[in-house]
Amino acid sequence: MASTFGNCSVLSSVVLPIMCICLTQWLLVFPVAKTIPNGFSVDLIHRDSPLSPLYNPLETPFDRFYNAYNRSISRINRFRPSYSKAVWSDIMASGGEYFMNISIGTPPVLVLGIADTGSDLTWVQCKPCEECYLQKPPLFDPMKSSTYKSVQCGSDPCNALDSSDRVCDQEQNTCKYSYSYGDRSFTRGNVALEKFTIGAANSTRIDSPVSFPNLVFGCGHKNGGTFDNVGSGIIGLGGGPLSLVKQLSKSIHGKFSYCLQAPDSAAKSSKLIFGTAIDSNAVSTSTPLVDRDPSTYYYVTLEAISIGDKKLAYGSGSASSATGKGNIIIDSGTTLTFLESEFYNSLESALEEAIKAKRVSDPKGLLSPCFEADKDMDLPVITFHFSGADVKLQPWNTFAQVQDHMVCFTIVPSNDIAIFGNLSQMDFLVSYDLEERSVSFTPTDCTKNP
């Protein structure tokens, strides 16, 4: 929920909401179902929501926020250029902020996976298991599905994997994948084709869930590490050729959107929309997606940030990572927003000038700056000036109440990578157009589910 200080609102509960792109030189064409004129939607369940199987009612809102902080710090490592491509291939095993349900196979088996815009290949745990982490839902058994098909070595889906991530079983001519993670977690198994059923009944879009045959996914027979036991695997929503949104591109016209809300918002889920979102009366602002490697991530260009009326050029006098096109990644699986550290120093100084409140220290020593909150506190609107798009962030996008009388800034410095995290995206309809190569932001009350 929100607490009011003066004329602004700051999240006093879990301000921790989930949800990067370059095209390859070739385009894989996968046979999928019909074109969906108006799209379809699926619930996104935040891991700290009362709807989540991970929800712990004994945790305080402050506990949840600091846990999300730690997940953000862990997750950012996978974006760093110094990490190997094996780490780039997918999310850190303990990362991800949102779950979503899909059904796989015939007859359909319900799968709860981590929805992630920083991942490509969708994979789930499968029988038989050489080695599997404990999961509460039943394992998917490909032998019981009439629509399961193995992928051969040398096929387009197999070759779409990075060479370091694919293995060929010469004896059976079967394509296999192998992903390793920074925390020593791993998943290995067969690359296969299967029928996916996605979506929820919605009179404004479709009448029932939609099925898509022959989607590429990973059937993991050897998986281990720090994966959450309530989930079955990863649902890849990134920009690479094997991601779910890229495989469905022709059916959804290359479009998908999400609208993220605070996890405790009347215990409602957020929404992920495949296809065209409902028209809104609010004005959208759009910025180009920038093609960079790896193609999994969604890159845009940040030119400046304003605190109130004071505008600071981003990258001026900063490290090379903050200059040029595609200098920041939009990521729904990272809670906090990260900015280049030299620029951050100027931003912090401008922020302190704008906020007429006593500066205090975060008792856990994690966030800075923090301020003593009272009824007269007035927090500024902070505008991110992307190329061609000005996105105005309200106080609930940029500040969190970490104690009863303390608020802290939720944008933090980073030495070599910039991330536009999900707190900054809350209460925006964030729409990706992979054909026009753009992403747009529409101010939206996401509790009303667009």
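Two strands are said to pair if DSSP finds at least two bridges between them. Helices (H or I, at least four residues) and strands (E, at least two) are themselves DSSP runs, numbered from the N terminus. With that in hand, A304 has A313 in strand 18 as its bridge partner.

This is a predicted model, in which local features need pLDDT of at least 70, side-chain atom pairs count only at pLDDT 80 or more, and totals for chains, interfaces and linings use all residues. Residues are numbered from 1 along each chain as its sequence is written, and side-chain values use heavy atoms, with hydrogens and water left out.

First, a word on confidence. The predictor's confidence in each residue is its pLDDT, which runs from 0 to 100. The protein's average is 81, and 80% of the residues score at least 70. Confidence is highest in strand 23 (residues 382-386), with a mean of 98, and lowest in helix 2 (residues 85-88), with a mean of 30. Residues 1-36 have a pLDDT below 50, and this stretch has 171 contacts in the model beyond near neighbours in sequence; contact here means heavy atoms within 4.5 Å. Residues 200-207 also stay under 50, with 20 contacts beyond four places in sequence.

Strand 23 belongs to an open sheet of four strands, in the order 18-17-23-24, with antiparallel pairing. Strand 18 (310-313) and strand 24 (389-393) stand at the edges with a single partner strand each, so one side of each has no neighbour in the sheet. From one strand to the next, the twist averages 20° (axes are lines fitted to C-alpha atoms, for helices over the stretch in contact, and angles run from 0 to 180 degrees between N-to-C directions). Strands 17 and 18 run antiparallel and are joined by four bridges. They make a hairpin with two residues between the strands, where G308 takes a positive phi near 65°. On the other side of the order, strand 23 and strand 24 pair over five bridges, again in the antiparallel sense.

What does H385 in strand 23 touch? Leaving out residues up to four places away in sequence, the list is T301, L302, E303, A304, I305, S306, K311 and D390. H385 counts as buried because its relative accessibility is 9%, where buried means under 20% relative accessible area, exposed over 50%, and partly exposed in between (1.4 Å probe, protein chains only). H385 and I305 are 80 residues apart along the chain, yet their C-alpha atoms are separated by 5.7 Å. D390 in strand 24 is the bridge partner of H385, and the two side chains are also joined by a polar contact of 2.8 Å. A polar contact is a pair of N or O atoms within 3.5 Å; within protein, one must be able to donate a hydrogen and the other to accept it, and residues adjacent in sequence count only if both atoms are side-chain atoms.

Helix 5 (residues 341-354) lies across strand 17 (302-307), strand 18 and strand 23, running at about 175° to strand 18. The expected span of a helix is 1.5 Å times one less than its number of residues; for the 14 residues of helix 5 that comes to 20 Å, and the end C-alpha atoms are indeed 20 Å apart. Its buried residues are S341, F343, Y344, L347, E348, A350 and L351. The N-terminal end of helix 5 is capped by E340, with a side-chain oxygen 3.1 Å from the backbone nitrogen of E342.

Elsewhere, strand 8 (residues 166-169) and strand 9 (residues 174-180) pair in the antiparallel sense over four bridges, with C168 opposite C175 in strand 9. The two strands form a hairpin with four residues between them, and N173 in the turn has a positive phi of about 50°. Strand 9 is also joined to strand 10 (residues 186-198) by five bridges, running antiparallel, and Y177 has G189 in strand 10 as its bridge partner.

Two further buried residues round out the picture. S232, in the loop between strand 11 (210-224) and strand 12 (233-236), is buried with a relative accessible area of 3%. Among the residues that S232 touches are W123, Y133 and P137. Q425, in helix 7 (residues 422-425), is buried at 0%. The side chain of Q425 makes a 2.4 Å polar contact with that of Y258, and Q425 is also in contact with residues including I330, N397 and Y432.
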